[in-house]
Amino acid sequence: MADTKPKTSPKAIKFLFGGLAGLSAGLLRQATYTTTRLGIYTILFEKMTGADGRPPNFFLKALIGMTAGATGAFVGTPAEVALIRMTADGRLPPDQRRGYTNVFNALARITREEGLTTLWRGCVPTMARAVVVNAAQLASYSQSKQALLDSGYFGDDILCHFCASMISGLVTTAASMPVDIVKTRIQNMKTIDGKPEYKNGLEVLLRVVRSEGFFSLWKGFTPYYARLGPHTVLTFIFLEQMNRLYKTYVLDG
């Protein structure tokens, strides 16, 4: 009798483990980048709040967000370098694979084999993207929350945080998509006759708008927002709850 049990193909196994390969690096990146940017933003926001409790204006919020984003990106770049290498490892020919076992093995080997500064390769464009994204996300969340509270229809609770987060996700999606297009096309550009396809990010934007239209910078807006919206909501709801618990049991305790 023929064996009718479904068999798992080697390609499926490779895809599964390839997706899990960078899990430790992804977790470390979130633990370094996200906690740093949110922590710095919270501290600076409180420092800039007036003695009468009046929060900083929108432009100051954006500046605080830019500072927090750039700092967080710098701290998180080593984990991102490891993440990119580990997730790409499965697609390389066997003789070119690095075979990192986890993120700490990757960081140690990169430092030993290529030098410490390699951990911050690509740091500048990563920080530039983080400046735009965090200026939009953090400032728009604080401004939206303040507007909702001032309306008199909301209290400082989860519903207010949810609504402010959804607005922030919308603003962040609109601001970050053109930056992501520039970042992706520069990373994937070809060298033609010894010259790079693009000179800089501005040229990428101009050529995309000229050849594909202005609104092509936001192509795929809905699925992008469907991913970023829930992420933003969970980030700020957890942040607000942790801040509340910290103030209740640590500062006031």
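What percentage of the 253 residues in the chain do buried residues make up? Buried residues make up 34% of them, where buried means under 20% relative accessible area, exposed means over 50%, and partly exposed covers what lies in between, with a 1.4 Å probe and protein chains only. The coordinates are a predicted model, in which local features need pLDDT of at least 70 and side-chain atom pairs count only at pLDDT 80 or more, while totals for chains, interfaces and linings use all residues. Residues are numbered from 1 along each chain as its sequence is written, and side-chain values use heavy atoms, with hydrogens and water left out.

**The whole chain**

Begin with a cartoon of the entire chain, which has eight helices and two strands; helices (H or I, at least four residues) and strands (E, at least two) are DSSP runs, numbered from the N terminus. Followed from the N terminus, the elements run α-α-α-α-α-α-β-β-α-α. With a surface switched on, the chain exposes about 15700 Å², of which carbon and sulfur atoms supply 66%, the areas coming from the Shrake-Rupley method with a 1.4 Å probe and, for residues, only the protein chains shown counting as cover. If contacts are drawn (heavy atoms within 4.5 Å), 68% of those between residues at least 6 apart in sequence join residues at least 24 apart.

**Helix H2 and Thr36**

Next select residues 23-48, which form helix H2. The 26 residues of H2 should span 38 Å at 1.5 Å a residue, and its end C-alpha atoms are 37 Å apart, which agrees; the expected span is 1.5 Å times one less than the number of residues. The buried residues of H2 include Ala25, Leu28, Arg29, Thr32, Tyr33 and Arg37, and what covers the buried residues of this helix includes helices H3 (58-88), H4 (103-114), H5 (123-151) and H8 (221-251).

Within H2, centre the view on Thr36, which counts as buried because its relative accessibility is 19%. The side chain of Thr36 reaches the backbone oxygen of Thr32 at 2.6 Å. Leaving aside residues up to four places away in sequence, Thr36 touches Thr71, Gly72 and Val75.

**Nonpolar cores**

Now select Ala25, Leu28, Ala79, Val81, Ala82, Met86, Tyr100, Val103, Ala106, Leu107, Ile110 and Leu119, the 12 residues that make up the largest nonpolar core. The elements that give two or more residues to this core are H2, H3 and H4. Apart from it lies another core, of 11 residues, among them Leu38, Tyr41, Tyr141 and Leu148. A nonpolar core here is a set of buried Ala, Val, Leu, Ile, Met, Phe, Trp, Tyr and Cys residues joined through side-chain atoms within 4.5 Å.

**Salt bridges**

The structure holds seven salt bridges, each defined as a side-chain nitrogen of Lys or Arg within 4 Å of a carboxyl oxygen of Asp or Glu. Show Arg85 and Glu114 as sticks, and their side chains meet in a salt bridge at 2.6 Å, N to O. Arg85 lies in helix H3 and Glu114 in helix H4, so the pair ties together parts that are 29 residues apart in sequence. Arg85 counts as buried at 11% relative accessibility, whereas Glu114 counts as partly exposed at 33%.

Move on to Arg129 and Asp180, whose side chains meet in a salt bridge at 2.5 Å, N to O. This pair links distant parts of the chain, with Arg129 in helix H5 and Asp180 in helix H6 (residues 158-187), 51 residues apart. Arg129 is partly exposed at 22% relative accessibility, while Asp180 is buried, with a relative accessible area of 15%.

The third pair to select is Arg207 and Glu203, where the salt bridge has an N to O distance of 3.3 Å. Arg207 and Glu203 are four residues apart in helix H7 (residues 201-212), and are therefore separated by about one helical turn. Both residues are partly exposed, Arg207 with a relative accessible area of 31% and Glu203 at 21% relative accessibility. Elsewhere, salt bridges that share partners join Lys145, Asp156 and Glu240 into one network.

**The loop between H7 and H8**

Finish at Ser216, which is found in the loop between H7 and H8. Is this residue, Ser216, buried or exposed? Ser216 is buried, with a relative accessible area of 9%, and touches Ile181 and Val208 when residues up to four places away in sequence are not counted.

Terms used:
Polar contact = N/O pair within 3.5 Å; in protein donor to acceptor, adjacent residues only side chain to side chain.
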